[in-house]
Amino acid sequence: MLDHLIANNRAWSERKKSVDHGFFRRLERQQAPKYLWIGCADSRVPANEIVGLDPGELFVHRNVANLAPPQDANYLSVLQFAVDVLKVQHIIVVGHYGCGGVAAAVDGHRRGLVDHWLHPIREVHRTHRDELAAIADDKARLDRLCELNVIHQVHNVASDVFVQDAWARGQTLAVHGWVYSLSNGLVKDLKVTVGNASDFEKLG
Ligand code: CO
């Protein structure tokens, strides 16, 4: 049933090797990505493809609604490995407009476990309820919530002890917030980059 996927894989591997004979052998020895991508699990937001990076160039963590919850062992393990071992120079939290996870967090329907996972987004919604209530258009309001969620996740990452300790050691590391548009394939930089501990303090 998955023969077409195996066939695609064979063809992809051959294409890679035809352009660069040692490609896989080189990657087998080590990975040295400069970037950690924290994005949504949505199938329409394929991390490497969007930013034109090859295998080996982007360390990726994806979950529903691109969250960075301070008690999530999965995310924390990825973050620590990326910062302490790989020494990535950039962490990019990437949300996307039209995120089903963000919409589901605030639509009032009950779905089960995922309602707990999405709890941080309801907190973001509550924190910014006046700003959001002033946006009349439903889609525009949810899109703004997608942006605010990214900003809060950037704050979570920048305040994490792994990141704070890296800055204290003098390690080069910046945390960025982007939102991807499903309608045109473009990312927007939300200009909330935090590049050191004093940047973070200024956020208040
Ligand atoms: Co999403």
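## Salt bridge across the domains

A salt bridge here is a side-chain nitrogen of Lys or Arg within 4 Å of a carboxyl oxygen of Asp or Glu. In this predicted model, D54 makes one with K16, and their closest N and O atoms are 2.5 Å apart. Between domain 1 and domain 2 the count is one salt bridge.

A few ground rules will help: the model is predicted, local features need pLDDT of at least 70, side-chain atom pairs count only at pLDDT 80 or more, and totals for chains, interfaces and linings use all residues. Residues are numbered from 1 along each chain as its sequence is written, and side-chain values use heavy atoms, with hydrogens and water left out.

## How the two domains meet

Domain 1 covers 1–30 and domain 2 covers 31–203, with bounds taken from an automatic or database domain assignment. Their centres, taken over C-alpha atoms, are 30 Å apart. Five residues from domain 1 and five residues from domain 2 take part in the contact (heavy atoms within 4.5 Å).

Together the domains bury about 390 Å², with 62% of it on carbon and sulfur atoms; buried area is the accessible area (1.4 Å probe) that two parts lose on being put together, summed over both. On the domain 1 side, F23, L27 and Q30 supply 75% of the area buried against domain 2, more than any other three residues.

## The cobalt site

Which protein atoms are the donors of the cobalt ion? They are C40 (SG), H96 (NE2) and C99 (SG), lying 2.0 to 2.3 Å from the ion. Donors are N, O and S atoms within 2.8 Å of the metal (3.2 Å for Na, K and Ca); water is not among the atoms, so sites may look incomplete.

Along the chain, the donors follow the spacing C-x55-H-x2-C.
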